[in-house]
Amino acid sequence: MKAAWVLAIAALGWLSAPARAASDDVVETLLGNGMKVVVKPDHRAPVVVSQVWYRAGSMDESYGTTGVAHVLEHMMFKGTKEVPSGEFSKRIAAVGGRENAFTSRDHTAYFQTLRKEELPLALKLEADRMANLVLSPEEFAKEINVVMEERRLRTEDNPQSLLYEKLMSVAYKSHPYRHPVIGWMDDLKQMTVDDARRWYQTWYAPNNATLVVVGDVDAKTVFSLAEKYFGVIPARDLPTRKQPGEPEPDGFKSVVLKAPAKLPEVSLVWATPRLEKPTEDWQPYALEMLAGVLDGHGSARLPQALVKEQQIAVDVGAGYDPVSRGPALFMAAATPSEGVAVDAVVAGIKAELERIKKDGVDEAELRRVKAQVLSAQVYQRDSLFYQGMLIGEWATAGLDYRARDQRLEKLKQVTSAQVQAVAKQYLTDDRLTLARLDPLPIEPGKHFAKPMGGMSHVR
Amino acid sequence: MFVERLVFMLGVFCAALPASAGLNIQHWNLPQGGVVYFVENHDLPMLDISVDFAAGSARDTAATSGLAAMTNRLMRLGAGPLSEQQVAENLADVGANLSGRFDQDRGGFTLRTLSSMEERTAALAVLQAVLTQPRFDAAVLARETQRAVASIQDASVKPEYQGGKAFQTAIFGDHPYALPEEGEIDTLGKLTVTDLQAFHRKYYVAPNMVIAIMGDITRAEAEALAMNLAAALPKGETPPALNAALPKGETPPALPAVSALEKAVDTLIPHHASQSHLFMGMPGMKRIDPDYFPLLVGNYILGGGGFDSRMLIEIRQKRGLAYSAYSYFSPMQELGPFQIGLQTRRDATDEAVKVVRETLKRFIDEGPSDAELAQAKSNLIGGFPLRLDSNKKIQEHLAMIGFYRLPLDWLEHYPKAVEAVTREDIVRAFQARVKPDALVTVVVGGAG
């Protein structure tokens with residue numbers, strides 16, 4: 001039961017809160033067409049990770065075509081003039097490479113992991129589909145069905161995902177973060193190949209992309225390969241980026257999801273600031289420390305109080321991810337113990353917040369959280385892919401990833417009074433949105449119509 | 001033309017790949033019993049350690065289902081002088097991560113810590129207490145039982161759980177591999193502290209222990225570390241039949257053999273979900289198995305190789321019937337499962353099952369094409385360095401080699417063994433193992 005909302009928290013939160021990379025050896029360049037190239041050498045194994053990040057995610061979509069960023073991601077494997085449908089994957093696989101792609105609210109990224117000798121192949125193929133994608137109606141007709149199956153698998157049949165989707169749709173009043181990345185089912189049903197084509201033509205330009213390469217390479221070679229393959233693609237005018245806003249919260253919001261499930265659940269999110277100036281801001285760091293004190297390790301406050309001592313929840317978690325293009329949220333979620341009302345668990349979470357607002361936190365607690373950050377910074381260097389992720393996420397969020405160097409220092413400087421201050425300022429009922437899963441009883445063999453607003457998909 | 005290029009390139013790989021020649025696996029036995037596998041590497045100031053025992057859910061019985069998992073779980077929740085909270089705090093103070101590792105064969109722990117003396121000493125002290133002096137506090141057992149039961153209740157209404165469980169029961173019958181790793185609601189409720197203590201005494205013993213260490217310490221430090229971990233462990237009342245003198249060919253304490261299925265079984269479990277979930281398969285192969293490489297390479301082509309595989313091509317690429325469709329062999333001490341799986345919208349259930357059956361039958365009857373075989377080998381051999389590109393992956397391989405007593409040169413042998421597989425090997429191995437007339441099929445969902 002934990003998996004779904006833990007993932008949701010991880011997506012937002014402490015678990016994935018990027019720990020700092022030692023980036024003194026990171027080098028970057030800007031190609032003539034405006035494409036950024038970042039290289040982080042790591043010579044531990046004869047392997048390289050290549051990632052191309054487009055600054056286009058679901059937050060750039062419009063009403064009626066939600067999900068198109070992700071659909072286009074699928075279509076990127078469906079062939080170019082030179083490389084027929086399916087061949088991209090086949091050629092990468094033929095050299096032992098692994099590849100995939102992911103779409104988020106902020107970006108779409110494509111990656112390959114291969115033996116270092118094969119980097120040119122990855123770059124060549126990736127550059128080809130940046131410029132020459134063929135979007136055929138036949139391939140689209142099949143792939144849109146695959147995406148709808150993906151939505152059924154990940155969302156429709158998963159009450160935890162439905163809860164998260166509904167929570168986001170209410171927590172954000174106007175910002176496009178209110179739409180699910182995979183898109184609403186009705187939009188998917190009506191999507192056309194022309195929607196995908198428009199998306200591709202709008203956003204898939206070198207001046208909207210960052211190439212991140214991590215592994216057993218030297219920067220000069222990567223720069224010249226990038227110039228060779230990507231440098232020839234002309235820059236394009238990008239649409240003027242509008243900055244969708246989100247009004248200041250003006251009072252408590254709450255929403256209920258009724259879905260067939262066994263156990264109730266509750267998720268809480270508070271509107272909080274995101275990281276904008278990594279070297280000047282302090283509040284996002286204080287919120288990170290707060291998330292760590294609440295749920296950053298095995299003896300953190302929330303599981304200690306609610307699961308171990310009071311035993312009113314079987315699971316509880318909290319998280320905060322300050323790195324995003326849009327407005328950030330601080331999140332908590334819990335599954336009540338049997339016979340315990342959701343309200344009692346919510347009260348338990350709020351009581352822990354009140355304690356911090358009133359008394360602050362101990363130095364020992366802050367030290368413990370900092371120890372996690374410090375060790376995570378070492379552990380993350382074990383993964384080429386993750387090192388690339390951190391650079392790509394910061395770059396597409398419009399942040400200077402080199403400022404990550406100061407992150408540990410900034411976190412070390414956070415005081416109990418600052419943690420207390422952000423808790424008081426942001427974790428208030430007026431900034432809170434709460435979503436509750438009310439389980440519908442399940443009769444074996446009965447097929448439910450799901451009473452979801454905007455999701456009338458029922459077989 | 002594409003195929004020729006592949007075949008050509010394959011030759012290049014085999015000549016050029018040093019395989020795991022650079023991976024110097026050191027191995028020794030402990031005087032108390034138990035074996036150690038070690039790779040010294042100072043690239044990063046960190047250390048990954050696992051300690052495994054043949055103490056997985058295969059050691060449960062139908063009446064004690066969940067005992068092995070609960071023992072493993074509670075070991076980390078209070079040990080020796082350390083309360084549950086102190087265990088967590090001591091680890092958190094030094095930024096170390098201690099996790100349980102648990103499956104049907106193995107019960108154990110993985111520890112990741114900074115390698116600096118202060119941090120690693122503190123982290124190892126916790127691990128040693130966890131291994132040797134678990135408290136098995138009654139109140140903690142009651143609480144964790146409640147949480148485990150809630151988790152099963154929650155999962156029990158989901159198609160993945162229902163189908164997975166029905167599939168496991170159908171293919172393994174009376175064998176303990178049929179038991180769910182996490183246990184059953186009824187049996188969990190009956191577990192006592194005495195049960196956990198007895199399980200710990202029996203299985204978490206020195207002669208049953210495999211330590212795998214990867215990272216930033218010297219051989220001498222690794223030896224001392226392993227001695228310390230083993231020192232306080234009981235020798236065990238009935239030392240398992242481990243002849244640790246040679247790492248090759250020996251196995252952890254015997255499990256009963258898995259019986260082959262005699263006839264096909266089809267089960268439909270009605271469910272309200274918008275997709276039907278398919279589980280199809282039978283007992284497959286062992287970790288030490290003469291057909292390991294033919295089945296590995298063959299399954300890449302059938303359903304393991306993603307977009308290179310027939311299952312994904314037929315189900316997803318050609319027909320758009322599912323997001324994922326796959327097959328895999330899960331090699332275990334005894335025959336682990338061979339499973340085909342997919343999820344598809346309800347009204348496509350029959351079509352998807354039909355396509356899977358036809359795809360499987362054609363593969364068993366005809367085997368792969370030369371082009372498919374070349375592509376599979378090319379991927380498995382060319383991708384070999386990716387299996388060892390981090391401390392974590394190397395550590396996991398060490399632990400696997402150690403637990404299953406694979407030869408120390410297993411990794412070095414891997415690309416050569418893949419290269420040696422022929423089309424005929426695959427046809428023979430699949431025809432011997434995967435019998436369409438003895439296939440278990442479970443569908444959760446419905447066609448309506």
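# A guided tour, from strand E10 of chain A outward

Begin with strands E9 (residues 313–320) and E10 of chain A, which run antiparallel and are joined by seven bridges. The model on display is a predicted one. Within this pair, select Val316(A), which stands opposite Ala334(A) in E10(A).

Next, add strand E8 (residues 265–272) of chain A. Seven bridges join E8(A) to E10(A), and these two strands also run antiparallel. To find one position along this pairing, select Val269(A), whose bridge partner in E10(A) is Met331(A).

Now isolate E10(A) itself, residues 328–336. Is this strand mostly covered or mostly uncovered? It is mostly covered, as nine of its nine residues are buried. In a regular strand, side chains alternate between the two faces of the sheet. Colour the two sets of E10(A) separately: Ala328(A), Phe330(A), Ala332(A), Ala334(A) and Pro336(A) point one way, while Leu329(A), Met331(A), Ala333(A) and Thr335(A) point the other way. The residues of both sets are all buried.

From the first of these sets, centre the view on Phe330(A). Which residues is Phe330(A) in contact with, once its neighbours within four places in sequence are left aside? They are Val269(A), Trp270(A), Thr272(A), Leu287(A), Ala291(A), Tyr320(A), Tyr426(A) and Leu427(A).

Phe330(A) leads on to the nonpolar core. The largest such core has 270 residues. Those with the most contacts inside this core are Met289(A), Leu290(A), Phe330(A), Val419(A) and Ile211(B). Select helix H10 (residues 283–295) of chain A to see the element that gives the core its largest share, eight residues.

## The domains of chain A

Widen the view to chain A, and colour domain 1 (24–229) and domain 2 (253–440) according to the domain assignment. Their centres, taken over C-alpha atoms, are separated by 28 Å. The contact between the two takes 30 residues from domain 1 of chain A and 25 residues from domain 2 of chain A.

On the domain 1 side of this contact, select strand E2 (36–41), strand E3 (47–54), E5, helix H6 (159–171) and strand E6 (209–215) of chain A, each of which gives two or more residues. H6(A) provides the largest share of that side, nine residues. By class, the domain 1 side divides into 16 nonpolar, seven polar and seven charged residues.

## The contact between the chains

Show both chains together. How many residues does each chain give to the contact? The contact takes 57 residues from chain A and 57 residues from chain B. On the chain A side, select helix H3 (87–94), strand E5 (108–115), helix H5 (137–156), helix H11 (301–309) and helix H13 (363–379), each supplying at least two residues. The largest share of this side, nine residues, comes from H5(A). The side of chain A that touches chain B has 21 nonpolar, 17 polar and 19 charged residues.

Stay on helix H5 of chain A and select Met148(A), which lies in it. Met148(A) is buried, with 23 other C-beta atoms within 10 Å. Apart from its neighbours within four places in sequence, Met148(A) is in contact with Met185(A) and Leu188(A). For a distance across the chain, pick Met35(A): its C-alpha atom is separated from that of Met148(A) by 33 Å, and the two residues are 113 residues apart along the chain.

## Chain B

Finally, hide chain A. Chain B has 16 helices and 11 strands. Its radius of gyration is 23 Å, close to the 22 Å that the globule rule gives for 448 residues, so chain B is as compact as a globular protein of that length. Along the principal axes, the C-alpha atoms of chain B fill a box of roughly 60 × 55 × 40 Å. Buried residues make up 54% of the 448 residues in chain B. Of the contacts in chain B with a separation of 6 or more, 82% are between residues 24 or more positions apart.

Colour domain 1 (26–231) and domain 2 (257–445) of chain B. In the contact between them, 30 residues of domain 1 of chain B meet 31 residues of domain 2 of chain B. On the domain 1 side, the elements to select are strand E2 (35–40), strand E3 (46–53), helix H6 (159–172) and strand E6 (209–215) of chain B, which give two or more residues. H6(B) contributes the largest share of that side, 10 residues. The residues of the domain 1 side divide into 15 nonpolar, 10 polar and five charged.

Notes:
Residues are numbered from 1 along each chain as its sequence is written. Chains are lettered from A and ligands numbered from 1 in the order in which they are written. This is a predicted model: local features need pLDDT of at least 70, side-chain atom pairs count only at pLDDT 80 or more; totals for chains, interfaces and linings use all residues. Two residues are in contact if their C-beta atoms, placed from the backbone, lie within 7 Å. Helices (H or I, at least four residues) and strands (E, at least two) are DSSP runs, numbered from the N terminus. Ala, Val, Leu, Ile, Met, Phe, Trp, Tyr, Cys and Pro count as nonpolar, Asp, Glu, Lys and Arg as charged, and the others, Gly among them, as polar. Domain bounds come from an automatic or database domain assignment. The radius of gyration is taken over C-alpha atoms; the globule rule is 2.2 Å times the number of residues to the power 0.38. A residue is buried if 20 or more other C-beta atoms lie within 10 Å of its own, exposed if 12 or fewer, and partly exposed in between; C-beta atoms are placed from the backbone. A nonpolar core is a set of buried Ala, Val, Leu, Ile, Met, Phe, Trp, Tyr and Cys residues joined through C-beta atoms within 7 Å. Two strands pair if DSSP finds at least two bridges between them.
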